[in-house]
Amino acid sequence: MSTTAATFVETFKARSWRFFDTQLLLYVLLLIAVGIVMGYSAGFNDPAPAAGMSQTVKTLIWATIGLTLFFVAASVDYQWLRTLALPIYLIVIGLLTLTMLVGTNLFGAQMSVTVAGLDFQFSEVSKVLMIVVLAAYLASRRKRIGRLSTILVAGAIMAVPTFLVFRQPDLGTALVFVAILIGMLFMSGASLGWMGLMAAGVIGLAPVAVSMLHEYQRTRLFCFLDPYADAQGACYQLVQALNAVGSGGLVGRGLTVGGEGQRGYIPVQSTDFIFTVVAEDLGFLGGALLLILFGLLVWRILLIGWQARDPFGMLISVGLASMILFQLLVNVGMVTGVMPVTGVPLPFVTYGGSSLIALLFGLGILQSIRMRSNKPEL
């Protein structure tokens, strides 16, 4: 082995993996476990599939694939992503355009592409990739971060994938892109005044965006204002979710039992309304513990960002934290009737391979940032 190769191997072993963040991996594994258990409980009373694998088995397979990507991403220096920011951006645009052209209709939206019999939602991995792209741009503008031009270009960079996702139409994912942009601009030190002006413009365009949705989506969006106005129609799922959450009480009805009660009336409860399973089966205490676990994960992500060796790593951490926190707040908020129903999944817990794999890939990049930090251990 050459001297250079030997030095590389020694550095890789001694310096990188020595700083592997076990806490981050622990929180991730616990959330995956919660997702598997809740998915099993949600589908316990469903008829067995005539052919193929159950949702639980599929989730285990997706988790294995995702964890493999987690360790692969952790083993590679994340600085390569900064070099590849432009190709990554073009790949995102290409994948989202492909979804619009040949995507499979799912719940009224053209959200997934079928490859070899498997459905892939490219919008999920696009969230993580756009965090990388935006982090690369903002890191390159550190000395000019307060200028209006920086905010406008950052907004333009994110506007293209956001529009492509919105036109599927997938309002929930489009809002996640916006939340990522706001979080990363804020933590990068962008001017609050210019950000406020841009936000005012976006709010002004909101009625136009809402008018572009399908009629059933507009009705469903505003159900949270008065769920019982159309309890047997567009607001049916929300009303049943509220009943299920309330029936869980303090400690819940028990795993697999909830499906025999109020929750049994909620269609496809293992996806966007998975928190109803948590609330009815495990009660208020179970839901609170899950929120605490998410809080620990987000806090750990931000700590790793604070320890990052450069602005690029810090901004990736902020983007991931913004994405997870926004999805958590919106998903729990819509299930409890305090936010509009927008189809935003609960990270790690909602059933879906694309989301889980994308999240684990993103957190693998975060692990790479931690392992290559020059600052003291957390």
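## The second largest pocket

In this predicted model, helix α9 makes the biggest contribution to the lining of the second largest pocket, to which it gives ten residues. Helix α9 spans residues 192-211, and at least two lining residues each also come from α7 (148-166), α8 (171-188) and α13 (311-335). The volume of this second largest pocket is about 1,200 Å³, and of the 34 residues that line it, Thr162, Leu175, Val178, Val202 and Ala209 are the closest to its centre.

The lining of the second largest pocket divides by class into 31 nonpolar residues and three polar ones, with no charged residues. Thr162, which is among the residues closest to the centre of this pocket, can also be placed relative to another helix: its C-alpha atom is separated by 9.9 Å from that of Ile93, although the two residues are 69 residues apart along the chain. Ile93 belongs to helix α5, which covers residues 85-102, and its relative accessible area of 18% places Ile93 among buried residues, because the cut-off for that class is under 20%.

## Helix α13 and the segment after it

Helix α13, one of the helices that supply at least two residues to the lining of the second largest pocket, is made up of 25 residues and reaches 36 Å from its first C-alpha to its last, which is close to the 36 Å expected at 1.5 Å a residue. Most of this helix is covered, since 21 of the 25 residues in α13 are buried.

Just after α13, Gly337 takes a positive phi of about 80 degrees. The loop between α13 and α14 (353-371) also holds Thr350, a residue that counts as buried at 11% relative accessibility. The side chain of Thr350 reaches the backbone nitrogen of Leu346, at a distance of 2.7 Å.

## The largest cavity

Three cavities of 30 Å³ or more are found in the structure, and the largest cavity has a volume of about 70 Å³. Thr350 appears again here, as one of the residues that line this largest cavity, together with Phe348, Val349, Tyr351, Gly352 and Leu356, as well as Gly35, Gly39, Thr59 and Trp62.

Helices α2 (22-42) and α3 (55-75) each supply at least two residues of the lining of the largest cavity. By class, this lining has five nonpolar and five polar residues, and no charged residues. The lining of the second largest pocket likewise has no charged residues, but there the count is 31 nonpolar and three polar.

## Salt bridges

Across the whole structure, a search finds four salt bridges, three of which are described here. In one of them the side chains of Asp21 and Arg300 meet at 3.0 Å, taken from N to O. Asp21 lies in the loop between α1 (3-16) and α2, whereas Arg300 lies in helix α12 (residues 274-307), so this pair ties together parts that are 279 residues apart in sequence. Asp21 counts as buried at 2% relative accessibility, and Arg300 is also buried, with a relative accessible area of 9%.

Another salt bridge links the side chains of Arg253 and Glu280, with an N to O distance of 3.3 Å. Because Arg253 is in the loop between α11 (236-247) and α12 while Glu280 is in helix α12, the pair ties together parts that are 27 residues apart in sequence. The two partners fall into separate accessibility classes, since Arg253 is partly exposed, with a relative accessible area of 36%, whereas Glu280 is buried, with a relative accessible area of 0%.

A further salt bridge, between the side chains of Glu124 and Lys127, has an N to O distance of 3.0 Å. Both of these residues lie in helix α6 (residues 122-140), where they are three residues apart, or about one turn of the helix. An α-helix has 3.6 residues a turn, so residues three or four places apart point the same way. Glu124 is buried, with a relative accessible area of 8%, and Lys127 counts as buried too, at 1% relative accessibility.

Note on methods: Residues numbered from 1 in each chain as written. Heavy atoms only, no water. 1 Å grid on protein atoms, 1.4 Å probe; cavity = no way out; pocket = protein on both sides within 12 Å on 5 of 7 lines; lining within 4 Å. Points joined across faces, edges and corners; volume = space filled by probe spheres on them. Helix = DSSP H or I, 4+ residues; strand = E, 2+ residues; numbered from the N terminus. Nonpolar A, V, L, I, M, F, W, Y, C, P; charged D, E, K, R; others polar. Expected span 1.5 Å × (residues − 1). Buried < 20%, exposed > 50% of the residue type's maximum accessible area, 1.4 Å probe, protein only. Polar contact = N/O pair within 3.5 Å; in protein donor to acceptor, adjacent residues only side chain to side chain.
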